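Trainee: Hi! Could you walk me through this one while I have it open?
Mentor: Happy to, pull it up.

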Amino acid sequence: MPALKPTQFSARITWLGRVPVEGDSIRSVPVESIELDWAGPQDERHAGLTRPSCSRVTSQHKRGTEIANARQLSIVAAEDLAEIAATLELEAIDPVLAGATLILEGIPDFSHIPPSSRLQGPDGATLVIDMENRPCNLPAREIEAEHKGHGKAFKSAAKGKRGVTAWVERPGTLSIGDTLTLHIPDQPVWAHFDAARKG
């Protein structure tokens with residue numbers, strides 16, 4: 001029996017971006033399509049088979065330790081981005097300011113799809129979901145630069161709505177308008193999950 005189960009849930013790519021390798025801004029550059037290889041999107045700052053560990057994994061690794069890169073892409077739901085904008089009292093948030101790779105539309109509660117789920121494109125390109133992407137101050141800084149007085153509340157507004165990080169399981173091409181099908185692990189939620197989170 002396969003360990004991953006195709007679902008009836010799918011999402012359409014409404015926006016694609018690439019964070020340039022040069023510079024230190026999180027801002028993405030909009031593109032019509034992205035080429036994915038084993039290291040992630042080509043010519044992108046977050047690409048690579050490995051990466052230095054960051055503050056999100058200091059319980060496991062000293063900061064700066066070389067680890068496998070499960071954060072090759074940042075994927076955000078259009079619906080969540082709209083909700084964040086409304087909370088910040090903005091008409092919209094340009095995905096450029098969020099440093100997103102993909103904006104998808106169509107999967108409810110997208111930020112909480114199960115880790116290890118797959119998103120598969122028309123040509124077989126497959127992304128593995130690592131986990132929920134926690135909000136940070138980098139998008140807040142970019143939003144504040146464009147919308148004075150609105151960026152500081154980003155972290156709280158984006159809680160549970162920041163999308164997910166992912167890595168490439170199978171290379172291919174993703175383009176605006178493509179439909180990605182969601183495949184989920186065929187297993188129940190761990191019975192001790194809540195107890196383990198409490199420590």
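Trainee: In which sense do E7 and E11 pair?
Mentor: Antiparallel, over three bridges. Keep in mind that this is a predicted model.

Trainee: Which residue is the bridge partner of Ser-74 in E11?
Mentor: That would be Thr-165.

Trainee: And how many bridges are there between E10 and E11?
Mentor: Six, and that pairing is antiparallel too. Within it, Leu-127 of E10 has Val-168 of E11 as its bridge partner.

Trainee: Leu-127 caught my eye. Which residues touch the most other members of the largest nonpolar core?
Mentor: Leu-127 is one of them, along with Ile-75, Leu-102, Leu-104, Phe-110, Leu-119 and Leu-174. That core has 24 residues.

Trainee: Which strands supply at least two residues each?
Mentor: E1 (4-18), E3 (33-37), E7 (73-77), E8 (102-105), E10 (126-132), E11 (164-170) and E13 (179-185).

Trainee: Let's zoom in on Leu-104. What does Leu-104 touch, leaving out residues up to four places away in sequence?
Mentor: Its contacts include the run Ala-11, Arg-12, Ile-13 and Thr-14, and another run from Ile-75 through Val-76, Ala-77 and Ala-78 to Glu-79. Phe-110, Leu-119 and Leu-180 complete the list.

Trainee: How many residues are in the second core?
Mentor: The second core is separate and has 17 residues, among them Leu-81, Ile-84, Ile-143 and Ala-158.

Trainee: Ile-143 is in H3, right there on my screen. Which residues of H3 are buried?
Mentor: H3 spans residues 137-146, and its buried residues are Pro-139, Ala-140, Glu-142, Ile-143 and Glu-144.

Trainee: Which helices do they pack against?
Mentor: H2 (95-98) and H4 (154-157).

Trainee: New topic: the open sheet of three strands. What is its order?
Mentor: E4-E3-E12, with antiparallel pairing. E4 (40-41) and E12 (172-175) are the edge strands, each pairing on one side only.

Trainee: How many bridges join E3 to E12?
Mentor: Four. One to look up is Ser-33, whose bridge partner in E12 is Ser-175.

Trainee: Last thing, the surface. Which residues form the nonpolar patch there?
Mentor: Val-189, Trp-190 and Phe-193, with about 370 Å² of accessible area together.

Trainee: Where does Trp-190 lie?
Mentor: In the loop between E13 and H5 (193-198).

Trainee: Why does Trp-190 count as exposed?
Mentor: Because its relative accessibility is 54%, and exposed means over 50%.

Terms used: Residues are numbered from 1 along each chain as its sequence is written. This is a predicted model: local features need pLDDT of at least 70, side-chain atom pairs count only at pLDDT 80 or more; totals for chains, interfaces and linings use all residues. Side-chain values use heavy atoms; hydrogens and water are left out. A nonpolar core is a set of buried Ala, Val, Leu, Ile, Met, Phe, Trp, Tyr and Cys residues joined through side-chain atoms within 4.5 Å. Buried means under 20% relative accessible area, exposed over 50%, partly exposed in between (1.4 Å probe, protein chains only). Contact means heavy atoms within 4.5 Å. Two strands pair if DSSP finds at least two bridges between them. Patches are made of residues with over 30% relative accessible area and no salt bridge: like charges are joined within 9 Å, nonpolar side chains (Val, Leu, Ile, Met, Phe, Trp, Tyr) within 5 Å. Accessible areas come from the Shrake-Rupley method with a 1.4 Å probe; for residues, only the protein chains shown count as cover. A salt bridge is a side-chain nitrogen of Lys or Arg within 4 Å of a carboxyl oxygen of Asp or Glu.
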